Amino acid sequence: MTIFLILLGVILFISLVIWGIWVYENSLPKLAINAIDNEEQTINGISDWLQYLSDKQKFNGAILYSKNGTIKLANAYGYTSSKKDEKLTTQSVFRLASVSKQFTAFGIMVLKKKYQVDYDDLATKYIADFGYPQVTIRHLLNHTSGIKVDYIKLAKRKKRNKEYILSNKDAVDLLCSNTNSNTNAPLHQYFYNNSNYIVLARIIEVVTNMSFEEYMQEYVFIPLQLKQTRVWNLCSKHSRDPDTITIGFEAFLKSNPITIEPNWIDGVAGDGGIFSSIQDLVAWDKIWYNNPILTPLEMQEAFTLPQLNTQNPSNYGFGWVIDGDNVWHNGQWLAYNAFILRNTRQKTCFVLLDNSSNIRFDKILNTILPNIIPIKNNAIP
């Protein structure tokens with residue numbers, strides 16, 4: 001009985017320590033902004049708060065807030081990597097994770113114009129053995145394809161050698177040979193699935209006979225003058241540029257940071273795999289109002305809500321979650337967090353990026369946003 005009580009006491013003590021650590025790691029100081037503050041005071045307060053968080057190792061990233069094409073706040077806090085030998089700047093390039101989907105969607109929109117591809121074309125027109133014969137390009141863009149198979153889970157079941165790197169072709173081949181009986185018919189419901197955007201990237205490769213990376217560089221990034229934006233994965237011909245690209249890391253309780261490197265899964269792109277900087281994301285916001293490739297009417301297609309066959313709602317356009325005047329997306333992968341929101345009526349843009357496995361990211365985001373952009377229920381995501 002005595003041993004049992006001792007063990008119980010040890011377990012309770014350890015549990016309290018873990019709970020205390022968790023509370024500490026999640027805690028944030030109050031953002032000192034008053035309702036009577038003007039815009040400049042509010043922005044300065046946000047920047048000071050982020051700097052304080054960075055000093056306390058609770059934020060390592062960058063922020064953008066612009067309004068009517070004018071930058072109100074663009075700054076970076078912390079370091080480019082776990083080495084902490086180089087400070088972040090607004091030109092530092094972050095992994096965008098799932099925010100990449102809006103870039104992939106834009107690539108599809110350009111593909112439609114330049115290669116006479118139609119949104120309502122069946123995916124099987126371009127990938128003959130695709131196991132979902134009713135699925136169109138539009139369904140993939142809207143996440144209404146009904147596909148529920150996860151390409152990452154399929155890839156992890158596959159035997160591989162140490163040199164193997166998953167490519168877009170491999171991922172789609174796995175989807176083609178592993179259809180799921182749990183799959184719904186297209187337009188039955190909205191179901192967010194990274195597999196949809198892997199297929200879209202593969203369609204680009206098949207149609208153009210180019211890699212997704214090459215296509216995005218030639219037809220999207222260069223024409224839009226996004227000089228620091230690029231596709232990068234383990235299948236890329238070029239290595240990461242150490243002068244600009246940040247490296248994700250993980251650090252808790254002021255411990256020695258651990259670099260988080262890509263693994264064999266990270267040879268794909270389309271659902272993620274795009275890197276960009278605050279400087280380029282300023283331009284990215286502007287291209288949705290006017291750009292040299294697509295007309296405003298063609299651009300509007302990205303924000304058309306899908307009409308489902310059921311009463312289930314869907315608010316996902318082409319790589320954007322649509323919430324009234326607000327359009328946004330978030331992403332998380334390999335220690336990176338990314339978020340972008342644009343208010344199309346006020347013509348505001350907000351971006352928050354972090355490369356430090358920040359478990360407080362959403363809390364920081366939801367502390368800042370209500371002070372500068374109207375948000376329903378004061379919470380995104």
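This is a short tour of a predicted model, with stops at its nonpolar core, one buried serine and two cysteines.

**Stop one: the core.** Start by selecting L50, F106, W284 and F350. These residues have the most contacts inside the largest nonpolar core, a set of 113 residues. As background, nonpolar side chains tend to be buried together in soluble globular proteins.

Now centre the view on W284 and show what surrounds it. Setting aside neighbours within four places in sequence, you will find W284 in contact with Q102, F103 and F106, with L224 and L226, and with W320 and I340. F106 thus appears twice on this stop: as a contact of W284 and among the core residues with the most contacts.

**Stop two: S236.** Next, move to the loop that runs between β4 (230-231) and β5 (249-250), where S236 sits. Is S236 buried or exposed? Its relative accessibility is 14%, so S236 counts as buried, the cut-off being under 20%.

Turn on the side chains here. The side chain of S236 makes a polar contact of 3.1 Å with the side chain of E213. A polar atom of the S236 side chain also lies 2.8 Å from the backbone nitrogen of N233. Leaving out residues up to four places away in sequence, S236 touches E213 and V231.

**Stop three: cysteines.** Finally, select C176 and C349. C176 has a relative accessible area of 13% and is therefore buried; C349, at 0% relative accessibility, is buried as well. How many disulfides are there to look for? The count is zero, with sulfur atoms within 2.5 Å as the criterion.

Conventions: Residues are numbered from 1 along each chain as its sequence is written. This is a predicted model: local features need pLDDT of at least 70, side-chain atom pairs count only at pLDDT 80 or more; totals for chains, interfaces and linings use all residues. Side-chain values use heavy atoms; hydrogens and water are left out. A nonpolar core is a set of buried Ala, Val, Leu, Ile, Met, Phe, Trp, Tyr and Cys residues joined through side-chain atoms within 4.5 Å. Buried means under 20% relative accessible area, exposed over 50%, partly exposed in between (1.4 Å probe, protein chains only). Contact means heavy atoms within 4.5 Å. Helices (H or I, at least four residues) and strands (E, at least two) are DSSP runs, numbered from the N terminus. A polar contact is a pair of N or O atoms within 3.5 Å; within protein, one must be able to donate a hydrogen and the other to accept it, and residues adjacent in sequence count only if both atoms are side-chain atoms.
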